[in-house]
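Biologist: Before we look at details, could you show me how to read a model of this kind, feature by feature?

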Amino acid sequence: MAKSALCFFLLLKLTTAFNLTFRPSAVKVTEEQKERVNFTWSDGTWEGAKFELKVDDADIADITDGVVNYERLYGNLTVEGKFLGRTDVRACLRSKWNETCQTLPVTVLKKERAVTKAFVISVAIIVTLGYVNMGCAVDPTVVKNVLLKPFGPIVGFLCQYLIMPLIAYGVGQLLFNDPVMQLGLFTFGCSPSGGASNIWTVLLNGNLNLSLTVTFVNNVLALGMMPLWLFTLGRSLFVTTDVSGPFRNICVTLISMIVPLGIGLLIQKFFPRVGKFLKRILAIVSGVIIIFIVIFGIYANLYMFKLFSWKIVGAAIINVWTGFAIAAVAAYAAGLPVEDRIAVVVETGIQNTGVAYVLLNSSLSQPDSDIASVVPVAGSIVTPVPLTLIYLYQKLRSKKFFGFYGSNTTTDEEKKQIIQS
């Protein structure tokens, strides 16, 4: 009995003896940056005990060197950030009977990359030129008629701001336990149409006038609809997070769309020959823009692929592709013409990744903002897949690879039949 009591007393002492203090008490570094941390502990080391420093996730941070002075009860270590995220450094004292540890929280922030800035600037320039080109192809009379009889925009609005947010919220609850990831997907689902929707509408022979109208209307209404969703249903995802609406970014998006379109309309009016030429090459220019954005975008965001998981990719696919499918059914049920259906489907599935990214980065602290942004980035990567397949299918049909037509050229009426089929 006395022996058992002695063992219990010894174990209790071993459990409470090790009291280590880190200075600083938490580390925040950027990728490839190092920070020195000192530590001290009270009470002497136990006979035969071993001191060990380790990192929970060596892919996020690592210990490059460390010194421990057992006699003076102090030491130091150097923490190096390797990849954005959070982990802990553990200082453990092990004996034959016990192990006790103290933790040092480590936060690694994303390193600013020149290629990312180059991608953003180049995309802004090339998309602006694309909108000038579209302005040469827009028929103001048709746009006016669309606004006077806004059946197509209403269907597009309902698909954009009723279907997509609910899909995103449901998929987030189903696949993610982390509220940060749920918020990333939900914010993406609440975002308005992206500029690429107009380009894809051109490539898929949809109604460009309707597409531009829906993009403009949805971005204007985003000033009210995004806060409405985020502060009602979205409130369950960020009770402790200060989320503010990306009003400035939405306004910039609208201006960057309206100004080049206006320039294109002026070219169409005062330089009709130039306007007709730009209209003829619109599909080619649109294709070049899409290829550039996809290839350069993947290269500029290669680091994010380390954060991808089957849940993130699956959530992006379900959200975007289900949006395409439901919008197609809704547009068909509404009795819209084929060209209008294409525009509504494309407008619904292609979200404005930039708006979601800015909102998440302005509302969440790092690295949570970068981690949540992985979902919109994944969404932008999987979005072109079904659209590309449809585009290739249309081209194959028009080239009579399936033997449906007797000549190498097709009339406008035949093209409509191809799209409809």
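Modeller: Let us begin with the whole chain, which has 421 residues, of which 47% count as buried. Please keep in mind throughout that this is a predicted model.

Biologist: How many helices and strands are there in the chain?

Modeller: The chain holds 16 helices and 8 strands. Its exposed surface comes to about 21,300 Å², and carbon and sulfur atoms supply 63% of that area. Of the contacts with a separation of 6 or more, 76% are between residues 24 or more positions apart.

Biologist: Let us take the strands next; what is the order of the strands in the open sheet with mixed pairing?

Modeller: That sheet has 4 strands in the order S2-S8-S7-S4. Strand S2 (27-30) and strand S4 (50-55) are its edges, each pairing on one side only, and the twist averages 25° from one strand to the next. S2 pairs with strand S8 (residues 99-109) in the parallel sense over 4 bridges, and Val27 has Val106 in S8 as its bridge partner.

Biologist: And which order do the strands of the antiparallel sheet have?

Modeller: The order there is S1-S3-S6-S5, again an open sheet of 4 strands. Its edge strands are S1 and strand S5 (61-69), and neighbouring strands are turned by 25° against each other on average, with direction ignored. S1 runs antiparallel to strand S3 (residues 34-42), to which 5 bridges join it, while S5 and strand S6 (residues 74-81) pair in the antiparallel sense over 8 bridges. To follow these pairings residue by residue, look for Phe22 opposite Phe39 in S3, and for Asn69 opposite Tyr74 in S6.

Biologist: How should I read the two faces of a strand?

Modeller: The general idea is that in a regular strand the side chains alternate between the two faces of the sheet. In strand S1 (residues 19-23), the covered face carries Leu20 and Phe22, whereas the uncovered face carries Asn19, Thr21 and Arg23.

Biologist: Where do I find Pro24, and what is the peptide bond from Arg23 to Pro24?

Modeller: Pro24 is found in the loop between S1 and S2, and the peptide bond that leads to it from Arg23 is cis, with omega near 0°. Another backbone detail concerns Glu32, in the loop between S2 and S3, where phi is near 75°, a positive value in a residue other than glycine. Glu32 has a relative accessible area of 57% and is therefore exposed. Asn205 also has a positive phi, near 60°, and it lies in the loop between helix H6 (196-203) and helix H7 (208-230). With a relative accessible area of 38%, Asn205 is partly exposed.

Biologist: Now to the side chains: how many aromatic pairs does a search of the whole structure find, and how does one describe such a pair?

Modeller: The search finds 7 aromatic pairs. One of them is formed by Phe157 and Tyr161, which are tilted, at 5.6 Å centre to centre and with 55° between the planes. As a general matter, a pair of aromatic rings is described by the distance of the centres and the angle of the planes. Both Phe157 and Tyr161 lie in helix H4 (residues 151-175), 4 residues apart, which is about one turn of the helix.

Biologist: Is Tyr161 buried or exposed, and why?

Modeller: Tyr161 is buried, because its relative accessible area is 2%, and the cut-off for buried is under 20%. Phe157, at 24% relative accessibility, counts as partly exposed.

Biologist: Why is the pair of Phe292 and Phe296 edge-to-face?

Modeller: The planes of the two rings, Phe292 and Phe296, stand at 75°, so the pair is edge-to-face, with the centres 5.5 Å apart; the angle for that class is over 60 degrees. Phe292 and Phe296 are 4 residues apart in helix H10 (residues 282-300), and thus separated by about one helical turn. Phe292 counts as partly exposed at 28% relative accessibility, and Phe119, Phe292 and Phe296 form one aromatic cluster.

Biologist: What lies over the face of Tyr303?

Modeller: Arg113 lies there, at 4.1 Å from the ring centre. As a last case, consider Val120 in helix H2 (residues 114-135), which counts as exposed at 51% relative accessibility. Val120 and Phe296 are 176 residues apart along the chain, and their C-alpha atoms are separated by 10.0 Å.

Notes. Residues are numbered from 1 along each chain as its sequence is written. This is a predicted model: local features need pLDDT of at least 70, side-chain atom pairs count only at pLDDT 80 or more; totals for chains, interfaces and linings use all residues. Side-chain values use heavy atoms; hydrogens and water are left out. Rings of Phe, Tyr and Trp (its six-membered ring) pair if their centres lie within 6.5 Å; planes under 30 degrees apart count as stacked, over 60 as edge-to-face and the rest as tilted. Helices (H or I, at least four residues) and strands (E, at least two) are DSSP runs, numbered from the N terminus. Buried means under 20% relative accessible area, exposed over 50%, partly exposed in between (1.4 Å probe, protein chains only). A charge sits over a ring if NZ of Lys or CZ of Arg is within 6 Å of the ring centre and within 35 degrees of the ring normal. Contact means heavy atoms within 4.5 Å. Accessible areas come from the Shrake-Rupley method with a 1.4 Å probe; for residues, only the protein chains shown count as cover. Two strands pair if DSSP finds at least two bridges between them. Axes are lines fitted to C-alpha atoms, for helices over the stretch in contact, and angles run from 0 to 180 degrees between N-to-C directions.
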